[in-house]
Amino acid sequence: MSGLLQAGPSQLYDALARILGLEQITDATRRLGITLKEAEEPGRAAKERGQQLKSALTGVEDDRARATLAELAKRKPDLGVFTSLATGTTRDHGPLTCPCRPGR
C-alpha cells in the first residue's frame, strides 16, 4: 500500500478504482446516459416537427390552420384535435373507452 501512495495520483486512482468498482459505475453511468438520450429523442423530434408545423401554418387564412396553431400553443396539445382537424371529423363521443374494461 505504501508503494501506491508513493507511485503518484494516477496509479493510486487506478488501484482504488479497481478496488471500489468505479469502472463498473462509470460504465453504468455511460450506458444510462445513452439510454436517456435515446428515450428523449422522440420528444425532441416531435417538438421540432411542431415548430415546423407552426411556421408552415402561420399566416394561413384557414379556420383549421388557426385551430391547429391554437392547439399547438397549449402546453399539452390534444392529439385527437389534430386528427379531427385533419380528417374533418368531430369529437363529440367523449373520451375513448375500452369495452373490455368498464369504466376505462
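This report describes the salt bridges and one nonpolar surface patch of a predicted model.

**Salt bridges**

A search of the whole structure returns eight salt bridges. Three of them are set out below, each with its N to O distance.

| Salt bridge | Distance, N to O |
|---|---|
| Asp 27 and Arg 30 | 2.7 Å |
| Arg 44 and Glu 41 | 3.4 Å |
| Arg 66 and Glu 61 | 3.4 Å |

**Pairs within helix H3**

Helix H3 covers residues 22-57 and holds both Asp 27 and Arg 30. These two residues are three positions apart in the sequence, about one turn of the helix, and their side chains meet with an N to O distance of 2.7 Å. Asp 27 has a relative accessibility of 28% and therefore counts as partly exposed. Arg 30 is also assigned to the partly exposed class, because its relative accessibility is 47%.

The contact between Asp 27 and Arg 30 does not stand by itself: Asp 27, Arg 30 and Arg 31 are linked in a network of salt bridges.

Helix H3 also contains Arg 44 and Glu 41, again three residues apart, or about one turn of the helix. The salt bridge between their side chains has an N to O distance of 3.4 Å. Arg 44 is partly exposed, since its relative accessible area is 37%. For Glu 41 the relative accessible area is 41%, so this residue is likewise partly exposed.

**The pair Arg 66 and Glu 61**

The side chains of Arg 66 and Glu 61 form a salt bridge at 3.4 Å, N to O. Arg 66 is partly exposed, with a relative accessible area of 40%. Glu 61, by contrast, is classed as exposed because its relative accessible area is 70%, where the exposed class begins over 50%.

**Nonpolar surface patch**

Leu 16, Ile 19 and Leu 20 make up a nonpolar patch on the surface. Together, the three residues present about 310 Å² of accessible area. Ile 19 is located in helix H2, which comprises residues 9-20. With a relative accessible area of 64%, Ile 19 is exposed; the value lies above the 50% cut-off for that class.

**Summary**

Among the residues described, Glu 61 is exposed while taking part in a salt bridge with Arg 66, and Ile 19 is exposed as a member of the nonpolar patch. Helix H3 holds the pair Asp 27 and Arg 30 as well as the pair Arg 44 and Glu 41.

Notes. Residues are numbered from 1 along each chain as its sequence is written. This is a predicted model: local features need pLDDT of at least 70, side-chain atom pairs count only at pLDDT 80 or more; totals for chains, interfaces and linings use all residues. Side-chain values use heavy atoms; hydrogens and water are left out. Patches are made of residues with over 30% relative accessible area and no salt bridge: like charges are joined within 9 Å, nonpolar side chains (Val, Leu, Ile, Met, Phe, Trp, Tyr) within 5 Å. Accessible areas come from the Shrake-Rupley method with a 1.4 Å probe; for residues, only the protein chains shown count as cover. A salt bridge is a side-chain nitrogen of Lys or Arg within 4 Å of a carboxyl oxygen of Asp or Glu. Helices (H or I, at least four residues) and strands (E, at least two) are DSSP runs, numbered from the N terminus. Buried means under 20% relative accessible area, exposed over 50%, partly exposed in between (1.4 Å probe, protein chains only).
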